[in-house]
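Q: I would like a close look at a single part of this model, with its packing partners and surroundings described in one connected account.

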Amino acid sequence: MIPAPETFNLDHTLGCGQVFRWRKTGKWWYGVVEDKVIRITKENGSLHFYSQPEKIDSHFIKRYFRFDDDLQGIISQISKDELIKDAVRKVRGLRIVRQEPWECLISYICATNANIPRIKIMIENISRKFGEKIRFDREEFYTFPKVQELSRTKINELKCCNLGYRSKYVLDTARNISNGKIDLSELQKLDYNTCKKFLLTKLKGKKLLPGVGQKVADCILLFSMEKTEAFPIDVWIVKAITDFYQSLFNFSFIEKLKKQTGRKAITITDYDTICSTMQKYFGKYAGYAQEYLFHYIRTKCQLNGKKTRDKCIYAGYWKLDLEALSGI
DNA sequence: GCATCACCTAGAGG
DNA sequence: ACCTCTAGGTGAT
């Protein structure tokens, strides 16, 4: 057991939807990280943890939960306006987790057109079918399979895991990594823009990593490649842009975005526009800002008892202090 | 570049 | 009981 930073909340960190392999029973969080099952809780300012089959040490925990990040400092850097300040207040102690790139990649390929419970089921099914079993606290857990395991499977085996149309993407991605067409650990060393370009590489008109578009790429960069400036833009973030961050963009741009709410996707150029603007606005730790906003907005909607984004309108709730935004 | 449409599928809302 | 729609988007045309 080790002392936890003041700025660390397990529930927000593991429950915000950045990782899919944790669940809470009682006071304990159970999760599978790399090839270990971990049980962890925070009590009286200390972290208590156990693991199987290998023991983990405090170094492992500090690295996984990014205790090397000065969260207090990051928060003061990103606290640019009333919305993000409120988000930081309500979701205090949320930290980005250092994920393993391969598992992270597959997880976010699976995440398209799915909600968090379903993503968890897909990853759990893949692990149960192809991973290694570990017994812990009289329960069975499964590690996430290695690249080789998945690259050798058949498409129908993945469909049995409930992946649906994602099955082909996962299989082709696994094969291209397995045969060395792309090397995740090498990618990690590159800067944000170069790294993202490689994740989206095409060879003879075919994606090396099918199922990886801009949004998925940014998730991989943020959660597993040390790119804290990555700012994944999903439907929730677009909503935040049109409802709150209007003043950072042209009037006509916002009008255009609003018109297409309800439709599925934004264009690649619009994604780039939003992405670079928000990165400039929030700075090197824009990814933290994104996670706070994302988690805050979603839970806010759920608290309101509203199930869908469109009904979750903030009129009257978001105190549109646009003056506060004019500084940038 | 941009607009459309299809894509698996469980579960909520009507 | 049924039908319609949505959920951390991406790919093909």
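Which residues in α5 meet which residues in α12?

A: In this predicted model, the α5 side of that contact is made up of P101, C104, L105, Y108 and I109, and these meet K215, V216, C219, I220, F223 and S224 in α12. By class, the residues of this contact divide into nine nonpolar, one polar and one charged. As for the geometry, the axes of α5 and helix α12, which covers residues 214-224, come within 9 Å and cross at roughly 150 degrees. Because angles over 145 degrees count as roughly antiparallel, α5 is roughly antiparallel to α12. The crossing of these two helices is right-handed.

Helix α5, which spans residues 101-110, also packs with helix α6, residues 116-130, at an angle of about 130 degrees and with the axes 9 Å apart. That angle makes α5 oblique to α6. The crossing of α5 and α6 is, once again, right-handed. On the α5 side the residues involved are I106, S107 and C110, and they meet I119, M122, I123 and I126 in α6. The residues of the contact of α5 with α6 comprise six nonpolar and one polar, with no charged residue.

The surroundings of α5 also include a pocket, the second largest, in which about 330 Å³ of space lies. Of the 19 residues that line this pocket, the closest to its centre are E34, Y64, R98, Q99 and E100. The elements that give two or more residues to the lining are α5 itself, together with β3 (28-33) and α2 (58-64). By class, the lining of the second largest pocket divides into eight nonpolar, four polar and seven charged residues.

Helix α2, one of the elements that contribute to this lining, follows a loop with a backbone feature that deserves a careful look. The loop between β5 (46-52) and α2 holds P53, and a cis peptide bond, with omega about -10 degrees, joins Q52 and P53. For context, most peptide bonds are trans, and most residues other than glycine have a negative phi. On the second of those points, N162 has a phi near 75 degrees, a positive value in a residue other than glycine. The place of N162 is in the loop between α8 (155-159) and α9 (166-178).

For reference beside the two contacts of α5, one more helix pair can be set out in the same terms. Helix α14, residues 251-259, and helix α15, residues 268-282, pack at an angle of about 125 degrees, with their axes 12 Å apart. That angle makes α14 oblique to α15, and the crossing of this pair is left-handed. Here F253, K256 and L257 in α14 meet D270, T273 and I274 in α15, and by class the contact has three nonpolar, one polar and two charged residues.

Technical notes
Residues numbered from 1 in each chain as written. Chains lettered and ligands numbered in written order. Predicted model: local features only at pLDDT ≥ 70, side-chain atom pairs only at ≥ 80, totals over all residues. Heavy atoms only, no water. Axes fitted to C-alpha atoms, helices over the stretch in contact; angles between N-to-C directions. Helix = DSSP H or I, 4+ residues; strand = E, 2+ residues; numbered from the N terminus. Parallel < 35°, antiparallel > 145°, perpendicular 65-115°, else oblique. Left-handed = near helix turned anticlockwise from the far one by under 90°. Contact = heavy atoms within 4.5 Å. Nonpolar A, V, L, I, M, F, W, Y, C, P; charged D, E, K, R; others polar. 1 Å grid on protein atoms, 1.4 Å probe; cavity = no way out; pocket = protein on both sides within 12 Å on 5 of 7 lines; lining within 4 Å. Points joined across faces, edges and corners; volume = space filled by probe spheres on them.
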